[in-house]
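Dear colleague,

I am passing on the structure we talked about, and my notes on it follow below. Please read them with the model open beside you.

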Amino acid sequence: MSEPIIKVKCLAYVRVAAPDLSKAEAFLDEFGLQVAARTEDAIYLRGSEPVSHCYVLSRGTPGVTAIAFEADSEADLEKIAAIDGASAIEKLDEPAGGQVVRLRDPQGMQVEIVHGQAALAPLEGAPSHAFNVDGRRERLGELPRFGPGPSHVRRIGHLVLESADPSEVYRWYNERLGLRKVDGMVLENGHTQMIFACLDRGQEYVDHHVVGFQFAVDEGSRVQHIAFEVGNMDDLMAGHDHLKKKGRKNVWGIGRHRFGGQIFDYWANPWGVIHEHWTDTDLVNEDTAANDNNVAELEDYWGPAPSLAFIVSRWNWKTVKNLAMLGRARAQAMRKS
Ligand SMILES: [Fe+2]
């Protein structure tokens with residue numbers, strides 16, 4: 001297998017558009033992101049980790065308009081800028097500065113590779129405490145310190161790209177940015193339903209996935225959800241209650257994923273763009289082999305089934321056809337297992 005052009009360091013941020021910035025900001029405030037900077041055109045939001053921002057909100061048709069990865073060096077930006085269709089290295093005229101190369105993936109998503117953005121000091125994260133579980137007594141005379149309010153988002157962790165051909169889109173990211181398959185889901189008809197890919201940082205342990213490449217039941221293409229790490233289990237639960245009290249729409253959760261192992265909780269913003277809270281991911285490194293899995297193994301460890309609002313972004317005749325196909329494949333696999 002040939003080496004990728006570069007191996008990106010991390011997912012840096014997403015650009016998200018909404019027709020009403022104050023409504024969008026109110027949701028993000030309740031979700032637990034904090035404003036790092038404002039300009040005439042955009043609001044830059046962050047978690048508690050010491051980076052500049054992980055979310056750029058601007059006015060427009062609702063949805064994720066660009067995804068950005070950080071490169072290790074300017075030399076890596078030069079390698080990306082040499083790809084057919086990529087921009088030259090440009091200065092980012094934004095509060096965190098830095099440099100960017102822009103290109104489009106096969107599903108038409110704008111991908112930004114950035115380097116040299118100024119980091120901010122860390123913010124206080126979620127309160128934490130010891131647990132008296134599994135027969136251990138470690139919280140002695142200490143009360144949990146949780147109060148009501150939003151979860152404490154730490155950072156952006158991953159996103160899922162939906163398209164009609166997730167294998168082709170995965171290949172693009174694999175060859176150019178070094179994302180590496182950890183788990184795949186192939187149906188009996190040979191159709192790829194999902195590929196989970198992680199960063200390739202050698203021996204360093206990284207999240208089980210930084211991008212999921214998923215078959216879109218309407219065969220359209222989009223970022224299906226964006227996902228943010230929160231402090232811990234209590235922090236996720238407190239944030240769940242807070243969003244519920246504010247009347248926000250929960251589209252899936254709370255549960256624990258089979259692939260990735262995270263405890264998850266998914267919420268839709270006022271325009272249906274799905275934002276995930278998660279905590280406690282599986283960690284992998286270069287020694288973790290890639291697996292192809294039976295569709296029946298998709299079953300999560302625990303938690304409810306996803307809502308239709310999570311599975312379907314748009315209804316058309318392909319949505320109906322593909323939901324029926326996936327339903328049949330799942331029933332078949334379940335019968336065999
Ligand atoms: Fe996720």
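Which residue just after helix 3 takes a positive phi? It is Gly178, whose phi is about 80°. Please keep in mind throughout that this is a predicted model.

Helix 3 is a convenient place to begin. The helix covers residues 166-177 and packs on a sheet, where it touches strand 9 (153-163), strand 10 (180-186), strand 11 (192-198) and strand 13 (211-215), and its direction makes about 15° with that of strand 11. Its 12 residues reach 16 Å from the first C-alpha to the last, which is close to the 16 Å expected at 1.5 Å a residue. The buried residues of helix 3 are Pro166, Val169, Tyr170, Tyr173, Arg176 and Leu177. Seen down the helix axis, these buried residues fall within an arc of 150°, so they line one face of the helix. In general, an α-helix has 3.6 residues a turn, so residues three or four places apart point the same way. The cover over the buried residues of helix 3 includes strand 5 (63-70) as well as strand 9, strand 10, strand 11 and strand 13.

Next, the sheet itself. It is an open sheet of 9 strands in the order 15-16-17-14-9-13-11-10-19, and the pairing is mixed. Its edges are formed by strand 15 (249-256) and strand 19 (291-293), each of which pairs on one side only. On average, and with direction ignored, neighbouring strands of this sheet are turned by 20° against each other.

Strand 9 shows both senses of pairing, since it runs antiparallel to strand 14 (residues 222-230) over 8 bridges and parallel to strand 13 over 5 bridges. Individual bridges can be named on either side: Arg155 has Glu229 as its partner in strand 14, while Ser163 has Phe215 as its partner in strand 13. Of the 11 residues of strand 9, 10 are buried, so this strand is largely enclosed by the rest of the structure. Elsewhere in the sheet, strand 16 (residues 263-268) and strand 17 (residues 274-279) run antiparallel and are joined by 6 bridges, with Ile263 standing opposite Thr279.

His277 lies in strand 17, and it counts as buried because 29 C-beta neighbours lie inside 10 Å. Leaving aside neighbours within four places in sequence, His277 is in contact with Ser151, Phe228, Val230, Leu236, Gly239 and Asp265. The C-alpha atom of His277 is also separated by 8.4 Å from that of Phe31, although the two residues are 246 apart along the chain.

Is Gly147 buried or exposed? Gly147, which is found in the loop between strand 8 (110-115) and strand 9, has 7 other C-beta atoms within 10 Å and is therefore exposed. Its C-alpha atom and that of Asp235, 88 residues away along the chain, are separated by 9.2 Å.

Turning to the nonpolar interior, the largest nonpolar core has 81 residues, of which Val14, Tyr55, Leu57, Ile113, Leu159 and Ala197 touch the most other members. Strand 1 (residues 10-18) gives the most to this core, with 7 residues. With neighbours within four places in sequence left aside, the contacts of Ile113 are Val8, Phe69, Ala71, Leu77, Ile80, Val100 and Val101.

Finally, some backbone details deserve a look in the model. Most residues other than glycine have a negative phi, and most peptide bonds are trans. Glu219, in the loop between strand 13 and strand 14, nevertheless has a positive phi near 60°, and with 16 other C-beta atoms within 10 Å it is partly exposed. Asp280 likewise has a positive phi, of about 65°, although it is not a glycine; it sits in the loop between strand 17 and strand 18 (283-284) and counts as partly exposed, with 15 C-beta neighbours inside 10 Å. The peptide bond that joins Gly253 and Ile254 is cis, with omega of about 5°, and Ile254 belongs to strand 15, one of the edge strands of the sheet.

With best regards

How values were computed: Residues numbered from 1 in each chain as written. Predicted model: local features only at pLDDT ≥ 70, side-chain atom pairs only at ≥ 80, totals over all residues. Pairing = 2+ DSSP bridges. Helix = DSSP H or I, 4+ residues; strand = E, 2+ residues; numbered from the N terminus. Axes fitted to C-alpha atoms, helices over the stretch in contact; angles between N-to-C directions. Contact = placed C-beta atoms within 7 Å. Expected span 1.5 Å × (residues − 1). Buried ≥ 20, exposed ≤ 12 C-beta atoms within 10 Å, placed from the backbone. Arc of directions from axis to C-beta. Core = buried A, V, L, I, M, F, W, Y, C linked by C-beta atoms within 7 Å.
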